[in-house]
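Trainee: Could you pick one part of this structure and take me through it slowly, then follow it into its surroundings? I'd like the cut-offs as you go.

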Amino acid sequence: MQRALNVTRERFADWYQAVVRDADMAESSPVRGAMVIKPWGYGVWELIQQELDRRIKATGHENCYFPLFIPLSFIAKEADHVDGFAKEMAVVTHHRLKQIDGKLVPDPEAKLEEPLVVRPTSETIIGDAFSRWIRSHRDLPMLINQWANVVRWEMRPRLFLRTTEFLWQEGHTAHATEAEAVEETRKMLEVYRAFAEEILAMPVIAGEKPENERFPGAVNTYSIEAMMQDGKALQAGTSHFLGTHFAEAQNIKFQDDAGALSFCNTTSWGVSTRLIGGVIMTHGDDDGLRLPPAIAPRQIVVVPMLRDKPEDADVLAYCENLVKALSGMTAFGQPLRALLDTKKIKSAEKRWNWVRRGAPLIVEIGPRDAAAGNVTYMRRDDLRDGDKVKSIAKPRVDFVESAVQLLAEIQAGLYADAKARLDGNIKSGITSFDAMAAYFGEDDDSFKGWVRVAWSRPTGTALDAVEQKLKALKLTIRNAPEGQPQTFGTCIFTGAPGVEEILIGRAY
RNA sequence: CGGAGCGUAGCGCAGCCUGGUAGCGCAUCUGCUUUGGGAGCAGAGGGUCGUGUGUUCGAAUCACACCGCUCCGACCA
């Protein structure tokens, strides 16, 4: 069968790259590990930003912007933070270039007294501001968010999933009490969970990260984990309770109503352009991307079937009218995003381009449709009947009337499919490490998903040993899901009584 | 940074072993035909063969170095 892509999901890594390229999402750039996000991909990001920004503001946060450069001494203040990020920092050391022997090089005379780090995350520079902004308990809670780019010099980049520079939002808050900061951490995790599921149609498991997977400098780290179509986990968002670690390192103090000085409890939380990689690997199929309508830059694309004949004018007029009617409607609380594709390429080509890009509804209008007042359309979430493309013909009135409902159905359908995959592929009932090793070891290429097992939450060197044992099987602990049972089996690592259930799987 | 593979037209590849100065498919452009939907025929354009150095009368082809990409490790949103 002829498909819109020349790779299938059997070769998942190749397939992923083909979708990113053929759906016009992004491409690699001359800068190693840094990507160019193309209009279709950036359009998705803008919609993600828009809706998430709304939700972040609705929970009481305000947007700010902090500098891209962070003085090296700021980073040095929190010891764990240094350990965590030192190996992946871009550093600015000069402020001028000079021609030396015909080569343009950093001017040795223009060396900075203190090097500047390109932010890998902004706890330290925002914390510095907090230490000046916060004086009294009346200044708390301090609830700040910023949309920014950050740089982490990663070893192995992969478009959207792990790039040297990426776009994200980072929330940073300061609170009077530990309880309040912990509540904030959980609240934002819940915002991410709801956003991923409702808007990205990407079901996730929210839970707490084990100690060895914590953010450098955090007391607790929580995550939402999504299951990709190859069974691997993608950490799609994180929320950190930082305790007073950063407050102590940066002197973020407030005076309480009794006049006593205390350190603030702080939090930070973020999601990035990685979410787009998650959407691709959650919903894509062998014909390319399938976008949830809520984040599709174009929800309905109308392709006129033009034939260089006089009746083309009628077809175009009919299409323009249809797009106008659709654009006046409201879907997902916003004006419906419809497009008439008038690009001067073959109509068949247009159709397949929109299939690859994942436009939820693709409408094709020929002279007979126009004359009879009909539309012919395809649902991207239900594109084929066997090998054949499923074209649905309907009176125009009916289509326009049902368009919003159709988009809602597609959104719900994509979520339901992904939810069934997630729920159906978390294996419980494994009670020993060997049984788990056997499960992941057999027929190595097949779809494995995750396992849910009990453990005794070892710490220190015992946890290191667990980590190493898992690493040998290419496994990691994803998180301890919310909603734990009352009783637990024995720990598959230590044989001690379990205190918690955790998810284990392969990950991106 | 360690192991493996790969860099030849926009994309996918052949040619390399056995050195003789570049080819195929798709895409692009032009013309004609076709038209309920990924069309056919004819013609055309497009390449310092990743970069550099070396061997040679002659290098895509052989040697060395470097750069980049992909996969597997280490790192990670």
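Mentor: Let's begin with Arg-32, which counts as partly exposed at 48% relative accessibility (buried is under 20% relative accessible area, exposed is over 50%, and partly exposed is in between, with a 1.4 Å probe and protein chains only). Before going on, some ground rules: this is a predicted model, where local features need pLDDT of at least 70 and side-chain atom pairs count only at pLDDT 80 or more, while totals for chains, interfaces and linings use all residues. Residues are numbered from 1 along each chain as its sequence is written, chains are lettered from A and ligands numbered from 1 in the order in which they are written, and side-chain values use heavy atoms, with hydrogens and water left out.

Back to the arginine. Arg-32 sits in the loop between β1 (26-28) and β2 (35-37); helices (H or I, at least four residues) and strands (E, at least two) are DSSP runs, numbered from the N terminus. Skipping residues up to four places away in sequence, Arg-32 touches Glu-154, Met-155, Pro-157 and Thr-164, where contact means heavy atoms within 4.5 Å. For a longer ruler, take Asn-353: 321 residues along the chain from Arg-32, with 28 Å between the two C-alpha atoms.

Now to the loop between β9 and β10, where Phe-160 is found. Phe-160 is buried, at a relative accessible area of 2%. Its phi is near 70°, a positive value in a residue other than glycine. Most residues other than glycine have a negative phi, and most peptide bonds are trans. For a peptide bond of the other kind, look at Leu-140 to Pro-141, which is cis with omega near -5°; Pro-141 lies in the loop between α5 (123-133) and β9.

The two strands joined by the Phe-160 loop are worth a look themselves. β9 (residues 142-151) pairs with β10 in the antiparallel sense over 10 bridges, pairing here requiring at least two DSSP bridges between the strands. Val-151 has Glu-165 in β10 as its bridge partner. β10 (residues 165-175) also pairs with β16 (residues 265-272), again antiparallel, over 8 bridges, and Ala-174 is matched there with Thr-266. Of the 11 residues of β10, 10 are buried, so the strand is largely enclosed by the rest of the structure.

These strands belong to an open sheet of 8 with mixed pairing, in the order β3-β9-β10-β16-β13-β12-β11-β29. At its edges stand β3 (62-63) and β29 (480-481), each with a single partner strand, so one side of each has no neighbour in the sheet.

Phe-160 also leads into the largest nonpolar core. That core has 61 residues, and Phe-160 is among those that touch the most other members, along with Met-25, Ile-48, Leu-200, Ile-280 and Ile-295. (A nonpolar core is a set of buried Ala, Val, Leu, Ile, Met, Phe, Trp, Tyr and Cys residues joined through side-chain atoms within 4.5 Å.) Helix α2 (residues 39-58) supplies the largest share, 7 residues. Leaving aside neighbours within four places in sequence, the contacts of Met-25 include Phe-160, Ile-280, Trp-40 and Leu-289. Apart from this core lies another, of 26 residues, including Cys-319 and Tyr-377.
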